[in-house]
Amino acid sequence: SFYTPYYLTSAASTNSTSVKASAGTLHLIQVTNTTATTYYLRLYNTASAPTCSSATGFVETLPILGTSPNGRFTIMGESYTTGIGFCLTGGGSSTDNTSAATGVYIKLGYR
């Protein structure tokens with residue numbers, strides 16, 4: 001296939017996740033938020049699971065609106081030179097460490 005899929009169902013945490021521990025390219029982000037609360041998907045250029053309270057490796061924040069129907073972000077091959085990681089948190093700043101809730105479904109496509 002064109003990309004390798006990665007799936008995560010959120011936990012009641014910051015959901016710090018390492019998707020790929022080496023350089024790669026992010027091609028797809030698809031999310032569904034079944035809660036009424038807006039959460040924030042923060043992307044990191046890092047070889048390990050990011051420290052959500054640190055801006056080290058931070059790339060960008062994508063708001064995931066409450067009760068969003070299958071939000072999809074089209075990415076035209078965004079390169080990550082170190083690795084691909086993310087946090088899903090309750091605040092949008094690059095150092096927010098607020099836990100998200102269960103009920104957010106994330107799919108990433110990478111190579």
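## Exercises on an all-strand chain

Let's start with a loop: Asn15 sits between strand 1 (4-9) and strand 2 (17-20). Keep in mind that this is a predicted model.

**Exercise 1.** Work out what is unusual about the backbone of Asn15, and whether Asn15 is buried or exposed.

*Solution.*
- Step 1: Start from the general rule. Most residues other than glycine have a negative phi.
- Step 2: Look at the angle here. Asn15 has a positive phi of about 55°, and it isn't a glycine.
- Step 3: Check the accessibility. The cut-off for buried is under 20%. Asn15 comes in at 6% relative accessibility, so it counts as buried.

**Exercise 2.** Describe the make-up and overall dimensions of the protein chain.

*Solution.*
- Step 1: Count the elements. You'll find 8 strands and 0 helices.
- Step 2: Compare radii. The radius of gyration is 13 Å, close to the 13 Å the globule rule gives for 111 residues, so the chain is as compact as a globular protein of that length.
- Step 3: Box it in. Along the principal axes, the C-alpha atoms fill roughly 35 × 30 × 20 Å.
- Step 4: See how much is tucked away. Buried residues make up 44% of the 111.

**Exercise 3.** Find which residues touch the most other members of the largest nonpolar core, and which strand gives the most to this core.

*Solution.*
- Step 1: Pick out the residues. Among 20 members, Leu26, Ile29, Leu41, Leu43, Phe86 and Ile106 touch the most others.
- Step 2: Trace the suppliers. Strands 3, 4, 5, 6, 7 and 8 each supply at least two residues.
- Step 3: Name the top giver. Strand 8 contributes the most, with 4 residues.

Note on methods: Residues are numbered from 1 along each chain as its sequence is written. This is a predicted model: local features need pLDDT of at least 70, side-chain atom pairs count only at pLDDT 80 or more; totals for chains, interfaces and linings use all residues. Side-chain values use heavy atoms; hydrogens and water are left out. A nonpolar core is a set of buried Ala, Val, Leu, Ile, Met, Phe, Trp, Tyr and Cys residues joined through side-chain atoms within 4.5 Å. Buried means under 20% relative accessible area, exposed over 50%, partly exposed in between (1.4 Å probe, protein chains only). The radius of gyration is taken over C-alpha atoms; the globule rule is 2.2 Å times the number of residues to the power 0.38.
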